[in-house]
Amino acid sequence: MNLRLDIKILKLWPKLVDHYTPDDLETIVKVFTDGDEYQRKVSSPRSGSKDYSFENKKTEPEERYFRSVMLTQEAVDGFLRELKPESRYERFMEEQLGGDNSLEVTRQQIQLMLSTLKSKLVKLEDEAKDINDKNLMKERNSETNFDSNCLLTTNNFIVELNKQGSNLNLLDDGFNEEKHANLELQINVHKSNINNEVTQFFSQKEYLESHLNSFTTYENHHNEIKKLKEIVAQLSKQEVDIKAYEELSNELQVLQEKKKTDELHFNSLLAKEKEFPKFVEKINLQPSLSKKTKEISDRLSENVRFFENKTTVLNDLEKQRNTLFVAREEFNSKRKNATSYYSEIVRLEAIIEQLNSSAIETEQSELEEKESNLKSIGVRVKNVTIENSDSFLEHDFINEKISSIVTEYLNTKSKSSELVSKKKDIEARIEKTKIKNNSITKLIELGTELISQNQNENCPLCQHKHDSFEVLAESISTNSILSEYQQLLFQELEDCQTSIKLAEGTLEKLRVNFNIEKESHLIVLREQLRQIFEKKQLAKEKLKNLSLYRAELDKLKKITDYKEYEPFVSAVESELNRNYVLISEIEEKLAGVENERRVLTKEHTHLITELTIANNQENKVENFITDYSGFLTELKIANDSFKDHLNEGELKSSISEALKALNHKFEFRNEEVKIVEAKVDTLKELYSPSFFNHLPENKESLKTQKAKNTSKITELNSLLREFFTTVNRFNLGHLLEGDDWVSLKQSFGDEVSTYHHKFEQGKAQVNGLGSLKELSDQVLTYVEFTKSTKRLNELKQRIVSCESIKQTLIADLRLINDSLKSQIDQYFHVDLINTIYRKIDPHPDFKRITFQCLFSDEGKPKLQVYVENNEGNDTISPTLSFSSAQINVLSLSIFLAKALNVKNGENDVDCIFIDDPIQSMDSINALGVIDLLRNLSVTHGKQIIISTHDDNFHGLLKQKLPPSLFNSKFLELESFGKVAFHQGQHNLVN
């Protein structure tokens, strides 16, 4: 089948375009075969998505054929590089490389069934052997000597036990170890429960028998308790009466004391009634006493006010006198120190004049200006670099050395730029020359570049060793194939590159010298700044001292009032005389004020005495009125009746009425006393006349007798407590309450007989359960032996059946393995692969390829690939021994052999697609591959489409397969998705 690719508009992302292709043009891909034509429009992908994806489910059924013949070299390469032969076989069968994998699927299924069947056989045989061994062991130990009717016998026994209340399940053929363990557990639990009950029955029987033996004692104790309780009741009655007598006696005593208190209080009230005339007198006297007290108090307040005023005047005069004393001391000090003040003023004025502040300020300003200039220079020097220094050459902050280095750097940099331009010009001329040369010229250029980089004496093309690198370079540059013009260009390019490297070294050295000199210049500037800072500090200190001198001078002038010496001394003397006169005047005023204060003090003392007497008189009247008001309040007579206006007759009548009411209350208290006395007499009549005469002794005697009898009752009750509990437990309390001891004893005897019967019945059940355990052991042995014998016969039948199936599967598997081996042998065209492999000839010794497929009944299949030497006596694995390039040659050979034999039905497929076939190959092998592909195309009439990113391989293809001889076409992309447009470019776009 011939195939031709026709691209109407190829515009790539994802289409192939040139600079002049409009964006709205559609892309159409056509594929022509001998019989049919296939056409498809290619749409632009969405942003960020894949260009194309090859997915089986998205491929049309009629087009899936191409998946087995496209891109298969990659599959072959991966197949060869597998390290394990088992993995290589799996990869081959998964990808199939165009073959059918139905037999492999069947083989895997049969092998899986065989593996499962073998595991099952092992389990069945192990189980059969285990059962057989156990049965033999039982026979040797005589464990098979059992009664065949043991199951029926045991169930009959269980029925009898259930009638006695055991509640056990009957046994059947399904009785096993688990059921036997459950039955044994049930028997043990039931036995334990029955044993517990039997023990309890026996204990209860003995317990009741012990009570029966003590019945006479219990009856005597019970009667004695009844008598003691009657005695205790009588003693308790006497205690209650004594307590009542004591309470009534206490109550009578309280009432008599209250009666006596009431009588005394009533007599005091009668005495208060007699003081009524005096109360009236005090009420009438109270207003005049209050008026007199107020008058004296007002006079005393006036005296205090006058005294405080005089005290204030006295304090003011003393302050004035103290101020004059302080002023006198200051004037005396000024008069004494006048000479020294003026001497110091003269000295300070001389110092200030000598310091000259304007000169110091001028110096400080100049220093600050110098400091600012140096800092500015330092910043500019620090920021300058040799690359931008040409703009600073005329400034004064650049010294001679730096300027010299910068000048040399700029000149060298200019020369370097000229050399780079010259290099580019030479390279451009060489590039133009390359277009006219053949592929050998390119190889020589590649060699020149390689030796320049490696500095090696071995030729990279033929591996011939020269005397030295220079000799090799000379040999290549003087190659006879190159023209004289090319030799001159290469020599000129080499000289230019050497000059550029020397210039770059010089520039780097100048950069280092520039940085060193710049740092030295900065150190000098820092030293100058330090000196200026010290001078500024000295000037600042001078100004500070000058300011202190001026402040001291100003202080002295203020003290002398800015006057000359003589006027200052005269003024001080005048102020001193005036000060003495003022002090004398103030002392006279102080003496007068002191006399006035003494008079006021004497008057104050007299008024205090009068006020005290008046207050005492008023307080006595007030206290009497308050006390009598309390008397009236007690009689419940309102005080308002005499506060505003005293009605003597009405108040006296109210007092008499209130006293009569109190007298009736006291008479009621006498009646209460008589009632309590009658109750006490009634209690005395119940007992002997002397019973209540010694109450403490009687109370103690009653308490002792009662405690003794109560203790005896408690003691007897403790002896009978267990008996009483037993009587109540059997609901026989009514017999005890009725003192029917005969019936009670008969009931106890009946209970003893009942417990004895239960005890005997329980013992019989325990013995029966023990016998059942022995019978169940015999039943378990019988049932297990019967089951194991039946299971052993079943297992033997299944083992025979599985062995038969196994042999059938092994036979089928071997037939399929033979078919698969034949299919794999047919897939690899070994003779053609070796023919192609020898044409490329990647290895000097190992030149023959063999494939070997090994199958086993249990393990995984293995697919081995070997390479033999010419003699056939040495074999190696290419995966372990070949280089990447040799592996690529081997995979290409297998791929091409398969591609040459691919068919579509009965028709050959004459189109082969190859992507980068010379990966990792050297130049010799690359030329061999080109010759091989050219031979296949011409000899077998195959259309071969190759893609590559290697420019040298592309150039060799154009040299080896010129369009004029082989109808070949070449398409070059200048960038991703864009077709290069230049001379020699073949236009595939119609």
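The following dialogue explains how to read several features of a predicted model.

Reader: What should be known about the model and its numbering before one begins?

Author: The model is predicted, so local features need pLDDT of at least 70 and side-chain atom pairs count only at pLDDT 80 or more, while totals for chains, interfaces and linings use all residues. Residues are numbered from 1 along each chain as its sequence is written, and side-chain values use heavy atoms, with hydrogens and water left out.

Reader: How many helices and strands does the chain hold?

Author: Helices (H or I, at least four residues) and strands (E, at least two) are DSSP runs, numbered from the N terminus. The chain has 24 helices and 12 strands.

Reader: Where is the kink in helix H7 centred?

Author: The bend at a residue is the angle between axes fitted to the seven residues ending there and the seven starting there. Helix H7 (residues 276-355) has a kink of about 60°, centred on Asn-337. Just after H7, Asn-356 has a positive phi of about 55°.

Reader: How is a pair of aromatic rings described?

Author: One gives the distance of the centres and the angle of the planes. Rings of Phe, Tyr and Trp (its six-membered ring) pair if their centres lie within 6.5 Å; planes under 30 degrees apart count as stacked, over 60 as edge-to-face and the rest as tilted. The structure holds one such pair. The ring centres of Tyr-89 and Phe-855 are 5.8 Å apart and the planes stand at 90°, so the pair is edge-to-face. Tyr-89 lies in helix H2 (residues 85-95) and Phe-855 in the loop between strand S4 (846-854) and strand S5 (862-869), so that the pair links parts of the chain 766 residues apart.

Reader: Are Tyr-89 and Phe-855 buried or exposed?

Author: Buried means under 20% relative accessible area, exposed over 50%, and partly exposed in between (1.4 Å probe, protein chains only). Tyr-89 is buried, at 1%, whereas Phe-855 is partly exposed, at 23%. Of the 990 residues of the chain, 32% are buried.

Reader: What is the strand order in the open sheet?

Author: Two strands pair if DSSP finds at least two bridges between them. The order of this three-stranded sheet is S4-S5-S6, with antiparallel pairing. S4 and strand S6 (875-876) are the edge strands, each pairing on one side only. Eight bridges join S4 and S5, and Cys-853 stands opposite Leu-863 in S5.
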